[in-house]
Amino acid sequence: MIEDTKKKCAELSRQLWKDDEYRNKVIRGVSKPRREGFGDEQSERVLKWYEENPEQIMLRSEAMKKSWLEGKIEPNINSINESKDERSLLSDVQTLFPERNVRKSTLKIAGRWFYPDIRIDKSIIIEFFGDYWHGNPLKYKSNDLLINGMTARQIWNKDKERIDFLKANGFMVFTIWQSDYKSDKNKIIKEVIDWVKSLDT
């Protein structure tokens, strides 16, 4: 009964998503701009807090410097840049390859900083693309406006440039879409295993 209902809901969503008016309404709802002045108010609150807690500036600065120098930043479970699914994938990959160095860590290449979703050893990268944040082409049209007012096409171009740059500098990159992982996790895990093993041969 529950599975039948899920299938019906999924099919209904697929049909609704084909309607431009419905899609645009959903996109606008997800990407509502913050009210005018919000950024300034937030900056004032942060500045006031640091003025009242000057020792925190030094502590935060030293901690950040240490993280960057070591080539890592400890991920925060509440970070807006890391979803529950992404954390789950990282845990899966760490379990799959216990003998490998699987982690999150920063990279600096030719003066540019990168923060791959998952790094394995020195040169293997797995990128976890959130459907909204990276404009899954199965869900968004090229001219749909998404995060920060960028069109899906602009996001695709930006992602492609980033991945091409990493590959040109000796990194192997495997991309996973959020919806693919959620719909068939076992299939994605098998693809990761096969891909990593193919790099070892």
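Me: Is Leu 138 buried or exposed?
Reply: This is a predicted model. Leu 138 lies in the loop between strand 5 (124–129) and helix 6 (152–168). Exposed means over 50% relative accessible area. Leu 138 has a relative accessible area of 73%, so Leu 138 is exposed.

Me: How far apart are the C-alpha atoms of Leu 138 and Ser 179?
Reply: Along the chain, Leu 138 and Ser 179 are 41 residues apart. In space, their C-alpha atoms are separated by 9.8 Å.

Me: Which element gives the largest share of the lining of the second largest pocket?
Reply: This pocket has a volume of about 410 Å³. It is lined by 14 residues, with Ser 13, Arg 14, Trp 17, Leu 138 and Lys 139 nearest its centre. Helix 1 and helix 2 (20–30) are the elements that give two or more residues to the lining. The largest share, 4 residues, comes from helix 1.

Me: How many residues in the lining of the second largest pocket are nonpolar?
Reply: The lining splits into three classes. Polar residues number 3, and charged residues number 3. The nonpolar residues number 8.

Me: Which residue forms a salt bridge with Glu 11?
Reply: Glu 11 is partly exposed, with a relative accessible area of 34%. Its partner also lies in helix 1, 3 residues apart, about one turn of the helix. The closest N and O atoms are 3.0 Å apart, and the partner is Arg 14.

Me: Where does Leu 12 lie, and which residues join it in a nonpolar surface patch?
Reply: Leu 12 is in helix 1 (residues 2–17). Its relative accessible area is 51%, so Leu 12 counts as exposed. The patch covers about 250 Å², and Leu 12 shares it with Leu 16 and Tyr 22.

Me: Which residues are linked with Arg 100 in a network of salt bridges?
Reply: Arg 100 forms a salt bridge with Asp 200, the closest N and O atoms being 3.0 Å apart. That pair links distant parts of the chain, 100 residues apart: Arg 100 is in the loop between helix 5 (84–96) and strand 1 (102–103), Asp 200 in helix 8 (residues 185–200). The network links Arg 100 with Asp 121 and Asp 200.

Me: How far apart in sequence are the parts tied together by Arg 112 and Glu 161?
Reply: Arg 112 forms a salt bridge with Glu 161. Arg 112 lies in strand 3 (residues 112–114) and Glu 161 in helix 6, so the pair ties together parts that are apart in sequence by 49 residues.

Me: How many salt bridges does a search of the whole structure find?
Reply: The protein has 201 residues. It holds 8 helices and 6 strands. Across the whole structure, the number of salt bridges found is 13.

Notes:
Residues are numbered from 1 along each chain as its sequence is written. This is a predicted model: local features need pLDDT of at least 70, side-chain atom pairs count only at pLDDT 80 or more; totals for chains, interfaces and linings use all residues. Side-chain values use heavy atoms; hydrogens and water are left out. Patches are made of residues with over 30% relative accessible area and no salt bridge: like charges are joined within 9 Å, nonpolar side chains (Val, Leu, Ile, Met, Phe, Trp, Tyr) within 5 Å. Accessible areas come from the Shrake-Rupley method with a 1.4 Å probe; for residues, only the protein chains shown count as cover. A salt bridge is a side-chain nitrogen of Lys or Arg within 4 Å of a carboxyl oxygen of Asp or Glu. Buried means under 20% relative accessible area, exposed over 50%, partly exposed in between (1.4 Å probe, protein chains only). On a 1 Å grid over the protein atoms alone, a cavity is a set of points where a 1.4 Å probe fits but cannot get out, and a pocket is an open set with protein on both sides within 12 Å along at least five of seven lines; lining residues have an atom within 4 Å of a point. Grid points are joined across faces, edges and corners, and a volume is the space filled by probe spheres set on the points. Ala, Val, Leu, Ile, Met, Phe, Trp, Tyr, Cys and Pro count as nonpolar, Asp, Glu, Lys and Arg as charged, and the others, Gly among them, as polar.
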